[in-house]
Amino acid sequence: MRTDLHRHPISPLTGIRNLGILAHVDAGKTTVTERILYLTGATHKRGEVHDGTTVTDFDSQERDRGITIFAAAVSCVWDGHRINLIDTPGHVDFSDEVERSLRVLDGAIAVFDAVAGVEPQSEAVWRQADRHAVPRIAFVNKLDRAGANLDTAVASIRERLRTVPLVVQLPIGQEDGFTGVVDLLRMRSLVWGAGGDSFEQGPVPDDLLEEAQRRRRALEEAVAELHPMALEEFCARSTMTAQTLAAALRDVTRSGEGVVVLCGSAYRNRGIEPLLEAAVAYLPSPADVPAVRGTLGGTVQERAADATAPFAALVFKVHSTATGRLTCLRVYSGTIRKGDTVLDVGAQRTERIGRILRVQADRHAEVDRAVAGDIVAVIGPKAARAGATLCTPAAPLLFEPPAAADPVVSVAVEARRSLDSDRLASALARLVEEDPSLVVRTDPETGQRVLSGMGELHLEVAVEKIRRTQGLDVGVGRPQVAYRETVTRGVSGLVYRHVKQDGGAGQFAHVVLDVDAHRAGDAATGDNADGGDFVFRSTVTGGRVPQEYVRAVEAGCRDALAEGPLGGHPVTGLRVTLTDGATHSKDSSEMAFRTAGRLALREALRASAMALLEPVVEVTVTVPDEAVGGVLGDLAARRGRISSQAARAGTAVICATVPLAELFGYASRLRSRTQGRGTFTTRGAGYVLVTAAVSDGTLSR
């Protein structure tokens, strides 16, 4: 389909769209991606998730499990526009892949299930996109399913995502009888044939004309409330032209004030052409987004998306393949060519670009150069990590890297053969290089290697990747969750004097600390607040402790937070106030005050009332009606708190908050209780006080 309504001159920069596909697991985002590739001619056969023939789910584990695990980039051309797509994971354990992808995207297509509406991970990825200010359009998928309802799905978007949905289509037919849509902008029908390979345009069906007119009016009113120019025309003429409405929708989408909603069935190849047209018309090009910001020598600088500007790019993914190490990057400014030398600004080392590849999931096409706005992979850099900034050496600029979430689950891993120990260490290092949300450390007590990640499935996939790619026989210990410690009742006026004299210059530092609890959301009245978890301030007057020593005390206190007195877990939810202190004219130093701060806080924590915190998750369980009783009982036995329960088309949807430590092995238990018909999804919900005893195995460090 080609729409004259949105035609405009296309330059190389305005003709690029860097888009992500975001959704809850099983909402159909990979199928949407496959249909886009097929429709644009990038592939010549429609890939299917259930057959393991999709382009983006190319990893063997993705095909075995039937879910997206790794973000995959593909590229296609539609109506003179190059569309770079990133198909992101929908499982909560792989949300860090979504985070890194969103960092380099200009827009996104959010896919929703027409039966389930907004699901937990849909909401989570939507909030991630909010943080990155990524404009979105919505696609309500699976309208051919039993129980599908566009209005219900749109209502959930409005209520749960707190946005203004602007519905631009009306379905023709329901459930299995869904055949097409009414385009409310141009008031025409689009009806697809049985195979979905082509469609016919026509007038709005008589039985839908009145409803289509009502919805067109509602759309105009909603847009008029958000767009001043559209409001002027609406007030003057009591209606809007299609051109005015399209221009207003584009502005509202790019400002984030509203979200255009389309609908269809990706599996049946219905609704994909209008979705592509909307993506090109409403979502921004690299030329439409603000200039990227970076730092140079402590000052903030902007770099415009200009192919003639100095080269600057952000690495968002590193992937080892049989042909070499692929470094995926988004070019923000300038041009890069084969053979160029670039600077890794953070590591302060130069790298040579050997090859530049246009990525098509696990297939690649070599190109001579990449310009501002491109998403490509390069071969050559040896040490660049995800989050690294690559620049022209003569014009360095450091971009803020994507933030990596703290891991919540750990397992001990070891090679079953001692001869494979070094190979395992190398394989783990490569894993962490590819996935920054994984952390490897050595337990100081047992000497075991401990692998930490975002969830049980995350670690399971990581270990299985080592087994498959390296051929290693790896033993895995019982999963452990990342506990925290917090203060419930603090201490005041704790005096600590650090004095050390062993020849030569000595060390002297005298500090007085108040320690009390601090919860996220409390007013941060101190000098330094760290995400609501730790606040430090000084009330010392009269210059009794110089400012440079105050900063050293804060640094020492942060050092002490690494291990709490209960079990050596990190300490959180803490406010420390330096109320007094003293110095020595010769023996005081920043090192002495840092040591004093660390040891003083350790002593204060031992004197305080401490409590253990455990991670909890929001669990959404979908089960047959007859299995509800058993599932509720099982959740209660796992210390779960039921928050809601609803009926949906012969099934029950149960929402509960459950400690993460209690969910290990829950998938197999749920399958056995529901004869394989039950499913569940999770979303992190923070930390709460431990309310009941848990097993020693899960409490170990």
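## Helix pair, two sheets and two buried residues

α3 and α4 are roughly parallel to each other. Their angle of about 30 degrees is under the 35 degrees that sets this class, which is why the label applies. The model described here is predicted.

**The helix pair**

Helix α3 covers residues 95–102, and helix α4 covers residues 120–131. The two axes lie 10 Å apart. The crossing of α3 past α4 is right-handed. On the α3 side, the contact is made by Ser95, Val98, Glu99 and Leu102. On the α4 side, Gln121, Val125, Gln128, Ala129 and Arg131 take part. By type, the residues of this contact are four nonpolar, three polar and two charged.

**The sheet of seven strands**

One open sheet holds seven strands. Their order is β2-β3-β1-β4-β5-β11-β6, and the pairing is mixed. Which strands stand at the edges? They are β2 (72–78) and β6 (165–167). Each has a single partner strand, so one side of each is left without a neighbour in the sheet. Neighbouring strands here are turned by 30 degrees against each other on average, direction ignored.

Inside this sheet, β1 (residues 16–23) pairs with β3 (residues 81–87). The sense is parallel, and six bridges join the two. Isoleucine 16 has arginine 82 in β3 as its bridge partner.

A helix lies across this sheet. Helix α1 (residues 29–39) crosses β1, β2, β3, β4 (107–113) and β5 (136–141). α1 runs at about 35 degrees to β2.

**The sheet of four strands**

A second open sheet has four strands in the order β7-β8-β9-β10. Its pairing is antiparallel. The edge strands are β7 (169–172) and β10 (199–202). Both have a single partner strand, so one side of each lacks a neighbour in the sheet. The twist averages 25 degrees from one strand to the next.

Four bridges connect β7 with strand β8 (residues 180–183), and these strands run antiparallel. Proline 171 is bridged to valine 181 in β8. Helix α6 (residues 206–226) packs on this sheet and touches β7 and β8. The direction of α6 makes about 160 degrees with that of β7.

The angles of the helices discussed above are collected here.

| Helix | Partner | Angle |
|---|---|---|
| α3 (95–102) | α4 (120–131) | about 30 degrees |
| α1 (29–39) | β2 | about 35 degrees |
| α6 (206–226) | β7 | about 160 degrees |

**Two buried residues**

Where does phenylalanine 311 lie? The residue sits in the loop between β13 (299–303) and β14 (312–321). Its relative accessible area is 3%, so phenylalanine 311 is buried. Phenylalanine 311 touches Arg303, Val331, Ser333, Gly334, Thr335, Ile336, Val342, Leu390, Cys391 and Thr392, leaving aside residues up to four places away in sequence. Alanine 42 is 269 residues away from phenylalanine 311 along the chain. The C-alpha atoms of this pair are separated by 29 Å.

Threonine 595 belongs to helix α13 (residues 590–607). Is threonine 595 buried or exposed? Threonine 595 is buried, because its relative accessible area of 14% is under the 20% cut-off. The residue touches His498 and Gln507, again not counting residues up to four places away in sequence.

Technical notes. Residues are numbered from 1 along each chain as its sequence is written. This is a predicted model: local features need pLDDT of at least 70, side-chain atom pairs count only at pLDDT 80 or more; totals for chains, interfaces and linings use all residues. Side-chain values use heavy atoms; hydrogens and water are left out. Two strands pair if DSSP finds at least two bridges between them. Axes are lines fitted to C-alpha atoms, for helices over the stretch in contact, and angles run from 0 to 180 degrees between N-to-C directions. Contact means heavy atoms within 4.5 Å. Angles under 35 degrees count as roughly parallel, over 145 as roughly antiparallel, 65 to 115 as roughly perpendicular and the rest as oblique. A crossing is left-handed if the near helix is turned anticlockwise from the far one by less than a right angle, and right-handed if clockwise. Ala, Val, Leu, Ile, Met, Phe, Trp, Tyr, Cys and Pro count as nonpolar, Asp, Glu, Lys and Arg as charged, and the others, Gly among them, as polar. Buried means under 20% relative accessible area, exposed over 50%, partly exposed in between (1.4 Å probe, protein chains only).
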